[in-house]
Amino acid sequence: MGLQEEFEEYCTKAKTLPLSTPNYDKNKLILYGLFKQATVGPVNTSCPGTQDKAKSWDAWKAVKGKSKEEAMSDYITKVKQLLEQVSAA
């Protein structure tokens, strides 16, 4: 399986993470940033005015400089880590 296919598989798995996942909101933002970097590339918009959208934008900007492949790989690793935490709980 190639990186793109594995990334798509873990994108689907990420949607199944329960709200009880440790640090759910923080991890959701990390995954969002990595997802956007992997699928869109570097931040290409200005920071939105609302606080919730600014948090998402900040999470995306935090991974600036990662290649598409590195962002995909980090996303997969993070989802695996979270799934392990959930199953161990």
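The structure holds three aromatic pairs, where the rings of Phe, Tyr and Trp (for Trp the six-membered ring) are paired if their centres lie within 6.5 Å, and where planes under 30 degrees apart count as stacked, over 60 as edge-to-face and the rest as tilted. One of these pairs is formed by F7 and F35, which are stacked, with 6.0 Å from centre to centre and 20° between the planes. Because F7 lies in helix 1 and F35 in helix 2, this pair ties together parts that are 28 residues apart in sequence. Helices are here DSSP runs (H or I, at least four residues), numbered from the N terminus. The model is a predicted one, in which local features need pLDDT of at least 70 and side-chain atom pairs count only at pLDDT 80 or more, while totals for chains, interfaces and linings use all residues. Residues are numbered from 1 along each chain as its sequence is written, and side-chain values use heavy atoms, with hydrogens and water left out.

The two partners of the stacked pair can also be described by their accessibility, for which buried means under 20% relative accessible area, exposed over 50%, and partly exposed in between (1.4 Å probe, protein chains only). F7 counts as buried at 2% relative accessibility, whereas F35 is partly exposed, with a relative accessible area of 32%. F35 also pairs with Y75, and since the ring centres are 6.4 Å apart and the planes stand at 55°, this pair is tilted. The pair links distant parts of the chain, with F35 in helix 2 and Y75 in helix 4, 40 residues apart. Y75 counts as buried, at 5% relative accessibility, and F7, F35 and Y75 together form one aromatic cluster.

Two lysines are placed over aromatic rings, a charge being said to sit over a ring if NZ of Lys or CZ of Arg is within 6 Å of the ring centre and within 35 degrees of the ring normal. K13 lies over the face of Y10, at 4.6 Å from the ring centre, and the charged end of K36 sits over the ring of W60, 4.8 Å from the centre of that ring.

The largest nonpolar core has 15 residues, and those with the most contacts inside it are F7, A14, L31, L34, A38, Y75 and V79; such a core is a set of buried Ala, Val, Leu, Ile, Met, Phe, Trp, Tyr and Cys residues joined through side-chain atoms within 4.5 Å. Helix 1, helix 2 and helix 4 each supply at least two residues of this core, and the largest share, six residues, comes from helix 4.

Helix 4 (residues 68-88) has 21 residues, which at 1.5 Å a residue should span 30 Å, and its end C-alpha atoms are indeed 30 Å apart; the expected span is 1.5 Å times one less than the number of residues. The buried residues of helix 4 are A71, M72, Y75, I76, K78, V79 and L82. Seen down the helix axis, the buried residues of helix 4 fall within an arc of 165°, so they line one face of the helix, the arc being that of the directions from the axis to the C-beta atoms. On the other side of helix 4, E84, S87 and A88 are exposed. The buried residues of helix 4 pack against helix 1 (3-14) and helix 2 (24-39), contact meaning heavy atoms within 4.5 Å.

Helix 1 has twelve residues and reaches 16 Å from its first C-alpha to its last, close to the 16 Å expected at 1.5 Å a residue. In helix 1, F7, Y10, C11 and A14 are buried, and because these residues fall within an arc of 110° when seen down the axis, they line one face of the helix. The buried residues of helix 1 pack against helix 2 and helix 4.

In the loop between helix 1 and helix 2 is found N23, which has a positive phi of about 50° although it is not a glycine. N23 counts as exposed, at 56% relative accessibility. By contrast, Q37 in helix 2 counts as buried at 3% relative accessibility. When residues up to four places away in sequence are not counted, Q37 touches P42, W60, V63, K64, G65, K66, K68 and A71. P42 is found in the loop between helix 2 and helix 3 (51-61), and, with neighbours within four places in sequence left aside, P42 is in contact with Q37 and W60.
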